[in-house]
Amino acid sequence: MSPPHRTAAKARGRLWKTRDWESQTETPVIQPTHDAALRLSQHLQVLAKVKAAAENVKALPADGSTLTIAQVNLKKSDYRLGLLLDHMKKMPRPWDIVAIQDPPSSFASRASPAHEVWYQAAQPRSETDDNQRGKPGNKVDPLLLKGVGFYVVKTIPIEDWRVDPRGNCIKDLVATLFLDTAVGEVQIHNVYNRNKEVDLDELSRTCVSNNPESAVLLGDFNLHHPLWGGAQVHEACEGGNKLCRLTQMAGMTCLTTPGAITYSRSFGFNGRYSSTIDLIFAGRHVASRASRCKVLDVRGFETDHRIVETTFNMVANRAFGKWYLWKKADKPNFERNAKRVLQPLQFPKLETEADIDEYACQFVSALQILVKQEVEGARPLVPDAETLPSHIKAQMDRERDALRRSEEFPHPRSDSLWEVEKEITNSLLRIHKTNRWRRYIARFTSCRGAIHKIAKRAQRWCKPRELVHMPTLVVGEAKFCTAEAKARCLVESLWPKFSGKPQPSESLARPQPTGSSSDTGSSSPTNPEGWPTSPQILQEGELSRIFKELPVGRSALPDYVANEALKLSRGVSESYVEHLFRACIKLSYHPRQFRDATTVMLRKPGKKTYANPKSWWPIALLSCLGKMLEKVIANRLKGVATQFNLLPKQQFGAPGRCTTKALQYLLNIIYRSWCSTGPENRRVVSLLGLDMGGAYDRVPRDILLSTLESKRIPYWIVLFVWHFLSDRSTILSMPGHTSRRFWLNIGIPQGSPLSPILFLFFASGILEVLNTKFAFKDPTVEHFSFGYVDDHYLVVSSSAYHTNCMALKTLHETLMGWAEPHGVVFAPAKYAVMHFRPPWSRGPQFKGIPEIKGLTEETLKTELRILGVEVDHQLKWGPHIEKIQLKVRNHMKCLRRISGSIWGADLHNMRQLYLTKVRPIITYACGAWFISGDGVQWRLAKKLAGKLESLQQECLLQISGAMKGTPRDVVRKELHIESLEVHLQRVALAHRARTVYTPEFQELERIRNRPLVGVSDSSLERHPFRKLHADAIHLEQEARRTISDDEETIRAWPTSKRRNKIINKCALHHAAVSMLSLWNDYRRHYANRLDKPRLRTAALEEGWGPESYLYYKGLSRAQSTMLLHCRTGCIGLRAYLHSIKVDSIDSDKCLCGTGRHTVEHLFFHCPRLAAFQSEYSHEVNHSDLGTLLTKHASVATQWAIRHFGIDQFRWPRENPDYEKPKHHSHFSLEET
């Protein structure tokens, strides 16, 4: 089959041969009337200066001294948007502003790399919004956008522009962009007068009448008037007259050249069905600076609306990046200059808080100077103009010639010729884009570690672009439109106690020592009261470990001294940092320099609207040097809390207490209650999920300090925390604006290493007050409570649901009695109630809720998201499996952007992405919800386990390139990836075995063994965790026996880090044994099949093990796919296609007629390929297929791609050098 451009070329030749030029008719020309000329005279005089200036312009400067605005109507067409983006990529200097009318849904995601995008969605966005929305076969409707949008070049600072949608008063068809320039603010009104729906009087009142001298009014007006239509307009329409009158009253000039064709129903500028309706007006100050307004001849915009470009001689501010290119920094030179700038600081005695503040300020200032001198600053990315190959440029010239001839000699045949030339160009451009993208991906992913970066970008590409500005905030009936009003609204919403004054308005009371020996940090064992202690010194090697663990790639705000600067100068700066930190710890002082923050407002995911201040998440960016000091204190607090058991056992989120353990705690209670037998002894469980408002930002600081004192934390740590919390200030960094400074008198900063452990101490009071014993009237009532950071849950078990509701009410009243004096606010409207339904229940679902003010019927849930797991009231886990499927498929959809079966990231990289990014989505918290095994109650249903296996098969087919019908056992064996059921069993078992010696494990056992009224011990044996934990203990003992000769490891076994590695290794061994058994069973079943016998393929000849996967080492993406097809026998050859009953394949015979069309036949026996076998025979001196597909896989796959003639491999066959086989030094089989 000929390529598309060749077929089009043949059609082009036929058209030229049959062309009949004599049959053409001449297009009539409309002559201007006398009245029209009079109406134009005044306007032409106004434009005289503009035209004179345009004639004097030889070449536009490219240094940002001009402002270029383009406008175009996209007609909701993805094709027109693609053509616009292609043209913008070829421009040597991008347009500053592009005003879009009638954008398609893809406008939200297909943004220019040089521009920010602004759009307005017609409905709230959801988690399913991506660039596949609305495409054929997709069940999700397209993301509808309102009538106008903007592209704004990234070199213009975000703070210098904003967009105000004019709303329903003019049907969401108008938006105004406010731009700060050197001559003041310019208003650019973008109008789309769809079906003449825009009320021109309202447009004049809201847009034109407001500062018209500095306004630009542009867009698709769909109105006719001689002022802009020229002589072709014999009579102006009513709307055209009104628009002309309103703009003249506002003193605005029409910059559109009269008679310039901006729209036509057919192609060309010859006047056939054409008009001037895309207009631009400018106020007096702006019009005087206009230098050019022209209709551009852009490929693809020959019909419908054209692109209009207007240039103004005015300067917009240009952004210079505040981040640095650390990878380009010269480390030896950086360290050498660090010694020069830091040497004047020396090591003075720091005996007062003022000395510490001054020293910290000098150190930070020195590093700031060093960074500015030695590290290159980044600028907003504006990519270079794209260049096209010469053959595509030549084809585009032929297309333009065909268009010109069609305009000069209108005729259907000449029109068809232009259409053919256009199709040829489109085909060549598609091929060029495909080749360029695939080569880029292959080149990028060949670098070590680059696959994870490109995978993150793929997820970002698949989602609509986030708007760079914060929308108008709405609280009740109040609206906050200006930047400062939004900032104050956010501050009031997040931190009720704040001050906008230059200095802090109130101070936090200094804690007083209690007189204990622990006040000084003494760790003397003679302390009679046994209070917690911690040494008040910087321990040896502690700072070095913190330096080594510093993450890179983080923000450098607020002082622009990033972790990279500290790591690059570590050889010099570590001694200065140590000198500073020793003084801070000695005086229990947190320097004032480190208490200033920049709070970045981030969107909370999954919110329907971001006009609510509660939909924004504050993250405090703190000094990197200050966070190192805070980490030292945080480590001390964690050590004290762990050593002296200062936090409740039910408080998860503390070190070593993960979400899996929290879920195990909940399920342990439920399964224990379900173990009861007999109608008179049956028990039911109810849960109440609480919502703590504000969490970190609402923590009262004085109560937090009192809590630390009540926990008997060493006084020097309490004093340090007091300094840490006192006189804190922040600057809000909102999208598009940076606010002034605010002083905060409440909360702890999210972003500090010290904040999580402080919040746990503060929240511990919730569980402590709930864990007290209650005297319920019903002796069968049991209550439990647990929390994870700011999520808290109350659980009650009794003989009836209404009893549970009364107990939950009592517990809630007790909690409210504690919360009010402690300044904690709960939001009952966000509570959730769930009544767990035992498997033996047959009656209707109980629909009662506790009598708590604020609870409604919507509070009662049958499915509830608890710590990231979808828990259903019957614990069947169907909703959780569906959520897993949705997440995994969305993730895999993003990976299609970077890899296909014959191009992109190679098999090794795709396998690593699956193991490290996709499979953890499935296995999250499986130690709690995945229950399996013979004789275990309430295990996961086979149907649901089968769904997970099918889901993994979908993923493996995509990452491997295998054909859809390839057996899952064979694919898993070739990639050396476990069955998902085996893997879940391994991960869950290893997790339980690692927690055998932990307090959480012992607490589960204590609750499980607690006697129940009317329930026998034999009934409690049905608890599924009994069998699972017995298996975990057995695995832990087996792991211990493997190191029986290492006495030191045995002594430290309960707390050894090596212990966890050994347990994981033993679990991996058990999984390998299980997979070997499954694989051998499959091979036997395959060999004994009589109903559908198949050939013995190379994959089936080998046992389970890593050897099969190693055959793919160093192969390109297309080669690995071909090798997998050849080894599995599932390949696009006639023998396999005939076996699966493909309609177009009537026989399994090769076209040579000598045998079946198989891999072995083509390699060794096909006479049609005998002449080509010499290409590999000089390296392969045998005729054994198994050896050929193992030891000589690279040679065999290259030859197969060239000569098998499979259409799937056409692209790599025509582009053999697009990616060379890579030899990965990091090619390994590590399971994650």
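Modeller: A crossover is right-handed if, with the strands pointing away from the viewer, the path from the first strand over the helix to the second runs clockwise. This model is predicted.

Biologist: Which helix joins S1 and S2 in a right-handed β-α-β unit?

Modeller: Strands S1 and S2 pair in the parallel sense, with 5 bridges between them. Ile69 of S1 stands opposite Ile97 in S2. The right-handed unit is completed by residues 78–90, which form helix H4.

Biologist: How many of the 7 residues of strand S1 are buried?

Modeller: A residue counts as buried when its relative accessible area is under 20%. In a regular strand the side chains alternate between the two faces of the sheet. In S1, Leu67, Ile69, Gln71 and Asn73 point one way, Thr68, Ala70 and Val72 point the other way, and all are buried. Strand S1 is therefore largely enclosed by the rest of the structure, and its count of buried residues is 7 of the 7.

Biologist: Which residue of S15 stands opposite Gln71?

Modeller: Strand S15 covers residues 307–312 and runs antiparallel to S1, to which 5 bridges join it. Opposite Gln71 in S15 stands Val308.

Biologist: What is the relative accessible area of Thr310?

Modeller: Thr310 is found in strand S15. Its contacts, apart from residues up to four places away in sequence, include Leu67, Thr68 and Ile69, and also Leu255, Ile280, Arg292 and Cys293. Thr310 is buried, and its relative accessible area is 0%.

Biologist: Which side chain of opposite charge is nearest to Glu116?

Modeller: Glu116 lies in strand S3, residues 115–118. Beyond residues up to four places away in sequence, Glu116 touches several residues, among them Phe150, Tyr151, Trp161 and Val468. A salt bridge requires a side-chain nitrogen of Lys or Arg within 4 Å of a carboxyl oxygen of Asp or Glu. Glu116 is buried yet has no salt bridge, and at 5.1 Å the nearest side chain of opposite charge is that of Lys154.

Biologist: Which strands stand at the edges of the open sheet that contains S5 and S9?

Modeller: The sheet has 6 strands with mixed pairing, in the order S5-S6-S7-S8-S12-S9. An edge strand has a single partner strand, so one side of it is left without a neighbour in the sheet; the edge strands are S5 (161–165) and S9 (253–254).

Biologist: Which residue of S7 stands opposite Thr176?

Modeller: Strand S6 spans residues 174–181 and strand S7 spans residues 184–192; the two pair in the antiparallel sense over 8 bridges. The residue of S7 opposite Thr176 is His189.

Biologist: How far from Cys1150 is the nearest cysteine sulfur?

Modeller: A search of the whole structure finds 0 disulfides. Cys1150 accordingly is in no disulfide, and the nearest cysteine sulfur, that of Cys1152, lies at a distance of 3.5 Å.

Biologist: Is Cys1150 buried or exposed?

Modeller: The cut-off for a buried residue is under 20% relative accessible area. Cys1150 has 6% relative accessibility and therefore counts as buried.

Biologist: What percentage of the residues of the chain count as buried?

Modeller: The chain has 42 helices and 29 strands. Among its contacts with a separation of 6 or more, 74% are between residues 24 or more positions apart. Of the 1232 residues of the chain, the portion that counts as buried is 53%.

Key
Residues numbered from 1 in each chain as written. Predicted model: local features only at pLDDT ≥ 70, side-chain atom pairs only at ≥ 80, totals over all residues. Heavy atoms only, no water. Buried < 20%, exposed > 50% of the residue type's maximum accessible area, 1.4 Å probe, protein only. Helix = DSSP H or I, 4+ residues; strand = E, 2+ residues; numbered from the N terminus. Pairing = 2+ DSSP bridges. Lys, Arg positive; Asp, Glu negative; His and termini not counted. Contact = heavy atoms within 4.5 Å. Disulfide = S-S within 2.5 Å.
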